Amino acid sequence: MVSAIVNDPGNGMAEPMVRAAAEALARNASAPAVATLMRKLSASRDAPDSEALATLISGISNPAAQATLIYSARGNKDSPNPASRVVAIRALGNYPTLESLQAMRQLHRDADPAVQAASREVAQRIESIIGR
């Protein structure tokens, strides 16, 4: 039900029920919840909606979301465009782990310059925390 509210293309983030549903998904941070948010972000053509979604996703720090965020950062069906991938990369800054660092280093060679730049920035942040 919550995912359906967020996924409906006619529902914008300015609507209180949609915003509350998206916030609930971000707090839940399960793989399906994060995938729903990434799909909504990728499909968004509205700048305020995209910004609201990017802020929610970038704030996710629940350990349950790390693998899904890495998958999204690499580019998948839920986040095929560079802008959504960059949001996933930024969220991975909340996971100062070797796994996130390795994913960031792999993305240094990505074809998209924005993905490369974001992955370098996040890798530097993670390295400063874990000392690698």
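These are my notebook entries on an all-helix predicted model.

**Ground rules**

I am working on a predicted model, where local features need pLDDT of at least 70 and side-chain atom pairs count only at pLDDT 80 or more, while totals for chains, interfaces and linings use all residues. Residues are numbered from 1 along each chain as its sequence is written, and side-chain values use heavy atoms, with hydrogens and water left out.

**Entry 1: overall build**

I counted the elements and found eight helices and zero strands. Helices here are DSSP runs of H or I with at least four residues, strands are E runs of at least two, and numbering starts at the N terminus. The order from the N terminus is α-α-α-α-α-α-α-α. The radius of gyration is 14 Å, close to the 14 Å of the globule rule for 132 residues, so the protein is as compact as a globular protein of that length. That radius is taken over C-alpha atoms, and the rule is 2.2 Å times the number of residues to the power 0.38. I also noted the span of the C-alpha trace along its principal axes, about 45 × 25 × 20 Å.

Next I looked at burial. Of the 132 residues, 46% count as buried. Buried means under 20% relative accessible area, exposed means over 50%, and partly exposed lies in between (1.4 Å probe, protein chains only). The protein exposes about 6,500 Å², and carbon and sulfur atoms supply 56% of that area. Accessible areas come from the Shrake-Rupley method with a 1.4 Å probe; for residues, only the protein chains shown count as cover.

Then I checked contacts, meaning heavy atoms within 4.5 Å. Among contacts with a separation of 6 or more, 62% come from residues 24 or more positions apart.

**Entry 2: α5 and its partners**

I took α5 (residues 66-74) and α6 (residues 82-91) as a pair. Their angle is about 145 degrees and their axes lie 8 Å apart. Axes are lines fitted to C-alpha atoms, for helices over the stretch in contact, and angles run from 0 to 180 degrees between N-to-C directions. The crossing of α5 past α6 is left-handed. Left-handed means that the near helix is turned anticlockwise from the far one by less than a right angle; clockwise is right-handed. On the α5 side I listed L69, S72, A73 and R74, and on the α6 side R85, A88, I89 and A91. By class this contact holds five nonpolar, one polar and two charged residues. Ala, Val, Leu, Ile, Met, Phe, Trp, Tyr, Cys and Pro count as nonpolar, Asp, Glu, Lys and Arg as charged, and the others, Gly among them, as polar.

I then turned to α3 against α5. This pair packs at about 30 degrees with axes 9 Å apart, and α3 passes α5 in a right-handed crossing. A31, V34, A35 and M38 of α3 meet T68, L69 and S72 of α5. I found five nonpolar, two polar and no charged residues in this contact.

The buried residues of α5 are Q66, T68, L69, I70, S72 and A73. Their cover includes α3 (31-43), α4 (47-58), α6 and α7 (98-107). Just after α5, G75 takes a positive phi of about 100 degrees.

**Entry 3: α6**

I find α6 mostly covered, with seven of its 10 residues buried. They are S84, R85, V86, V87, A88, I89 and A91. The cover includes α3, α4, α5, α7 and α8.

**Entry 4: single residues**

I57 sits in helix α4. I57 counts as buried because its relative accessible area is 0%. Beyond neighbours within four places in sequence, I57 contacts L37, M38, L41, L69, V87 and A91.

A29 lies in the loop between α2 (16-28) and α3. Most residues other than glycine have a negative phi. A29 has a positive phi of about 55 degrees although it is not a glycine. A29 is buried, at 0% relative accessibility. Not counting residues up to four places away in sequence, A29 touches V34, I60, N62, A64 and A65. I noted A29 and N62 at 6.1 Å, C-alpha to C-alpha, with their positions 33 residues apart in sequence. For I57 and A29 the C-alpha distance is 9.2 Å and the sequence separation is 28 residues.

P113 is in helix α8 (residues 113-130). P113 counts as exposed because its relative accessibility is 57%. P113 and P82 are 31 residues apart in sequence, and their C-alpha atoms are 9.0 Å apart.
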